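Subject: Structure for your review

Hello,

The structure is below, followed by notes on what was found in it. Please read the notes with the coordinates open.

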Amino acid sequence: MYKIFCTIFISLFSYGICSAQTADSLKLTTNTLAKQAIDPLSPSKAAFYSAVVPGLGQIYNKSYWKLPIVYGGIGTGLYFYIDNQKKYNDYRNEYKRRLQGNYNANDPKFGRLDNDRLIRAQRYYQKNRDLSLVITIAIYALNIVDANVDAHLQQFNVDDDLTLRPSFQYNEFNGTYQFGAQLTYKF
């Protein structure tokens, strides 16, 4: 039984190795990397587009996968800004009513709170509202910076004339490994 299993396993494995190469895979290909003209205005266009409409710079750079991140971040920040503003207004309006003498002890939301707690809640939601605004503006600015950097990196030279290769060598004298990096530039 063991011999039959090994024979079937080896025959299937060798069939996969033998059938993996075709005549077309042995053909040498020529250098398919074409030099692209560098557009120096491309990064500024991407940043401008992203500043006008968030995510438009990422579309210009063909980085479509970043759109949900941009809109998710800005949308989340705006949601928390609006929610904290609404809660701040609720506590502020209740505090104003109490200053006018309209106090309802049976109110399920504010009936148990005294004036000091209403003031602290106003400060809390105002602080969170302002923090949400700052975070939303930071995400908007990161959107612009990302579009600019991505456009710059698309023009980066990545052909074989410039390589960085790590090197690992075993030192037989003291029995340790030596690590290094080699930067090669071909003219």
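A salt bridge here is a side-chain nitrogen of Lys or Arg within 4 Å of a carboxyl oxygen of Asp or Glu. By that criterion, the whole structure contains 8 salt bridges. The model is a predicted one: local features need pLDDT of at least 70, side-chain atom pairs count only at pLDDT 80 or more, and totals for chains, interfaces and linings use all residues. Residues are numbered from 1 along each chain as its sequence is written, and side-chain values use heavy atoms, with hydrogens and water left out.

Overall layout

The chain has 5 helices and 2 strands, where helices (H or I, at least four residues) and strands (E, at least two) are DSSP runs numbered from the N terminus. Their order along the sequence is α-α-α-α-α-β-β. Of the 187 residues, 22% are buried; buried means under 20% relative accessible area, exposed over 50%, and partly exposed in between (1.4 Å probe, protein chains only). Contact means heavy atoms within 4.5 Å. Among contacts with a separation of 6 or more, 50% are between residues 24 or more positions apart. The exposed area of the chain is about 15100 Å², with 62% supplied by carbon and sulfur atoms; accessible areas come from the Shrake-Rupley method with a 1.4 Å probe, and for residues only the protein chains shown count as cover.

Helix α4

Helix α4 covers residues 67-100, which is 34 residues. From first C-alpha to last it reaches 49 Å, close to the expected 50 Å, the expected span being 1.5 Å times one less than the number of residues. Its buried residues include Gly73, Gly77, Asp83, Tyr88, Tyr91 and Arg98. The cover over the buried residues of α4 includes α3 (56-60) and α5 (115-154). Just after α4, Gly101 has a positive phi of about 100°.

Within this helix, Lys87 and Asp83 form a salt bridge, with the closest N and O atoms 3.4 Å apart. The two residues are 4 positions apart, about one turn of the helix. An α-helix has 3.6 residues a turn, so residues three or four places apart point the same way. Lys87 is partly exposed, at 30% relative accessible area.

The Lys66 network

Lys66, Asp146 and Asp150 are linked in a network of salt bridges. The Asp146 to Lys66 pair has its closest N and O atoms 3.1 Å apart. Asp146 is in helix α5 and Lys66 in the loop between α3 and α4, 80 residues apart. Asp150 meets Lys66 at 3.7 Å, N to O; Asp150 is also in α5, and this pair is 84 residues apart. Lys66 counts as buried because its relative accessibility is 13%, and Asp150 is buried as well. Asp146 is partly exposed, at 27%.

Core and surface

The largest nonpolar core has 7 residues: Tyr88, Tyr91, Phe110, Leu113, Leu118, Ala121 and Tyr125. Such a core is a set of buried Ala, Val, Leu, Ile, Met, Phe, Trp, Tyr and Cys residues joined through side-chain atoms within 4.5 Å. Helices α4 and α5 each supply at least two residues of this core, and the largest share, 3 residues, comes from α5.

On the surface, Phe48, Val52, Val53, Leu56, Ile59, Tyr64 and Tyr71 make a nonpolar patch of about 670 Å². Patches are made of residues with over 30% relative accessible area and no salt bridge, with like charges joined within 9 Å and nonpolar side chains (Val, Leu, Ile, Met, Phe, Trp, Tyr) within 5 Å. Two or more residues of the nonpolar patch come from each of α2 (42-52) and α3. Phe48, in helix α2, counts as exposed because its relative accessibility is 53%.

Regards
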